[in-house]
Amino acid sequence: MATGIYAKGKEYKSEVPPTWCAGCGDYGLLNAFMNSLADQQINVNNTALISGIGCSSRFPFFIKAYGFHGVHGRALTIASGVKLANPELEVVAFGGDGDGFAIGGGHVPHMCRKNMDMTYIVMDNSIYGLTKGQMSPTTTPGMKTSTTPYGAPDNPINPLAFVLTYGATFVAQAFSGNPKQMRGLITQAMKHRGFSYINVISPCPTFNKQDTFDSYKEMFEDLPEDHDTSDKPGAIAKALDRTSGKLYSGVYYEDKETPTFLDRIAEQRKTAGAFDFQKILDIYRP
Ligand SMILES: Cc1ncc(C[n+]2csc(CCOP(=O)(O)OP(=O)(O)O)c2C)c(N)n1
Ligand code: SF4
Ligand SMILES: [Mg+2]
C-alpha cells in the first residue's frame, strides 16, 4: 500500500486527541470522514484540510493530512487559494454555522458560483460553541442564548437553500447521529467534480440544550426515493419544506455538467492567445 493510504478509517487519525466536549456531534463527522477516506483510499500526502475558527474548525488537527486552521470565516478563501496553487490536491474545507454563514457568509456564494472543485462541510449546531453559546445564523427563532436572553428575534438562514441558490453543484444533508449514511455522502461529495456542500446537523449538548440528538432523531428522515437530484427547484423546495416538521438527509442536488472554475480558465487559455498585459492596464488606466 502506498505511503499515506490506510486500510482502516481509524488509521487516518492523527496523534492529536480531539478536545471536543463529551457528546459533541462533531465526533460523528470525524468518524464518518475517516471511514470515507479509507473507503476512497485517499492519500493524505495529497490532501489538504482547511478550516476557519470554532469548535468545528479544529477538525483538521485530528486527521493525518495537510491542514490549515485559518481565520474566523475565511476557510473558503484559504481553501480556494490552496486549490488554485495546486489543483492536484484534494481540498476539503470545514467550519461551523457561524464561521460559514455569519462572518464568512460573503464568501460562500462565490465558491458556489465559481464551482471551485472542493468539498465544504459545515457542522451546523445552531449556536456559537467555541465562544460559549451566542446566537448563530441558524438558531431557531425564540431560542434563548447568551446574546438573546429573551429569545432569538431573527429568522434563520437555510444553508441548503442558500448554497443551492448560489450554484453549488453537489448539495447534501447529513446527521451526526447517522454516521453510516454520512460516510457515503462524504464519499459522493468528494468524488463530485465541482463545489460540493454537506450540511451536517451536529448537536452541541453543552450550549444548545434545545436541539438535541433525540429531538433531531425524531425529525430526520431520508429524502424520498423518487426525489430527483437533477431538479434544482425541487431540491430548493425540499430544503425549504419545514411544514411537516421533518428534516431530510441525503443528496438534494447534483449537477455533473457545469464546468469547474479551473475548467473554464483552461478553456479560456486555449482561445485567448498571448496574454496582453497592456490591455489589462488600459482597462484600469484609460
Ligand atoms: C474575527 C473574529 N471574530 C470573532 C471571533 C470569535 N469567535 C471565534 S469562534 C466564533 C463562533 C463559532 O461558532 P461556529 O462557527 O458556529 O462554530 P462552533 O464553535 O459552533 O463549531 C466566534 C464568534 C474570532 N475568533 N475572530
Ligand atoms: S461547546 Fe458544543 S460544539 Fe463545542 S466542543 Fe462542546 S459540545 Fe461541541
Ligand atoms: Mg456553531
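**Close-up views of a predicted model**

**Figure 1. Here is the neighbourhood of ligand 1 in this predicted model.** Count the residues that surround ligand 1 and you get 19, the closest being Gly54, Ser56, Gly96, Gly98 and Gly129. Two elements each hand two or more residues to this shell: strand S3 (90–96) and helix H3 (97–103). The largest share, four residues, comes from H3. Sorted by class, the shell has seven nonpolar, 10 polar and two charged residues.

**Figure 2. Now for the shell around ligand 2.** Four cysteines are part of the ring of residues here: Cys21, Cys24, Cys55 and Cys204. They share the job of surrounding ligand 2 with Trp20, Asp26, Asn125, Gly129, Leu130, Pro205, Thr206 and Phe207. How many residues of each class does this shell have? The tally is eight nonpolar, three polar and one charged.

**Figure 3. Let's zoom in on helix H1, residues 26–40.** Its 15 residues, at 1.5 Å a residue, should span 21 Å, and the end C-alpha atoms are indeed 21 Å apart, so expectation and model agree. Which residues of H1 are buried? They are Asp26, Gly28, Leu29, Leu30, Ala32, Phe33, Met34, Asn35, Ser36 and Leu37. As for what those buried residues pack against, look for strand S4 (118–124), helix H6 (179–191) and strand S6 (195–201). Just past the end of H1, glutamine 41 has a positive phi of about 55°.

**Figure 4. Strand S4 is mostly covered.** All seven of its seven residues are buried. A handy rule to keep in mind: side chains in a regular strand alternate between the two faces of the sheet. In S4, one side carries Met118, Tyr120, Val122 and Asp124, while the other carries Thr119, Ile121 and Met123, and both faces are covered. S4 also has strand partners: S3 pairs with S4 in the parallel sense over five bridges, and S4 pairs with S6, again in the parallel sense, over seven bridges. To spot individual bridges, find glycine 96 with its partner methionine 123 in S4, then threonine 119 with its partner serine 196 in S6.

**Figure 5. Serine 51 sits in strand S1, residues 47–51.** Is serine 51 buried or exposed? It has 27 C-beta neighbours inside 10 Å, and 20 or more are needed to be buried, so serine 51 counts as buried. Histidine 69 is 18 residues away along the chain, yet the C-alpha atoms of the two are separated by 5.1 Å. Ignoring neighbours within four places in sequence, the contacts of serine 51 are Ser57, Phe59, Pro60, His69, Gly70, Ala75, Ala93, Phe94 and Gly95.

**Figure 6. Time to look at the nonpolar cores.** The largest one has 59 residues, and Ala93 and Val171 have the most contacts inside it. The element that gives the most to this core is H1, with six residues. A second, separate core has five residues, among them Cys24, Cys55, Tyr128 and Cys204. Back to alanine 93: leaving out residues up to four places away in sequence, alanine 93 touches Ile50, Ser51, Ala75, Leu76, Ala79, Met118 and Tyr120.

**Figure 7. Last stop: helix H5, residues 159–166.** Its buried residues are Pro159, Leu160, Phe162, Val163 and Leu164. Right after H5, glycine 167 takes a positive phi of about 110°.

Definitions and conventions
Residues are numbered from 1 along each chain as its sequence is written. Chains are lettered from A and ligands numbered from 1 in the order in which they are written. This is a predicted model: local features need pLDDT of at least 70, side-chain atom pairs count only at pLDDT 80 or more; totals for chains, interfaces and linings use all residues. A residue is near a molecule or strand if its C-beta atom, placed from the backbone, lies within 6 Å of it. Ala, Val, Leu, Ile, Met, Phe, Trp, Tyr, Cys and Pro count as nonpolar, Asp, Glu, Lys and Arg as charged, and the others, Gly among them, as polar. The expected span of a helix is 1.5 Å times one less than its number of residues. A residue is buried if 20 or more other C-beta atoms lie within 10 Å of its own, exposed if 12 or fewer, and partly exposed in between; C-beta atoms are placed from the backbone. Two residues are in contact if their C-beta atoms, placed from the backbone, lie within 7 Å. A nonpolar core is a set of buried Ala, Val, Leu, Ile, Met, Phe, Trp, Tyr and Cys residues joined through C-beta atoms within 7 Å. Two strands pair if DSSP finds at least two bridges between them.
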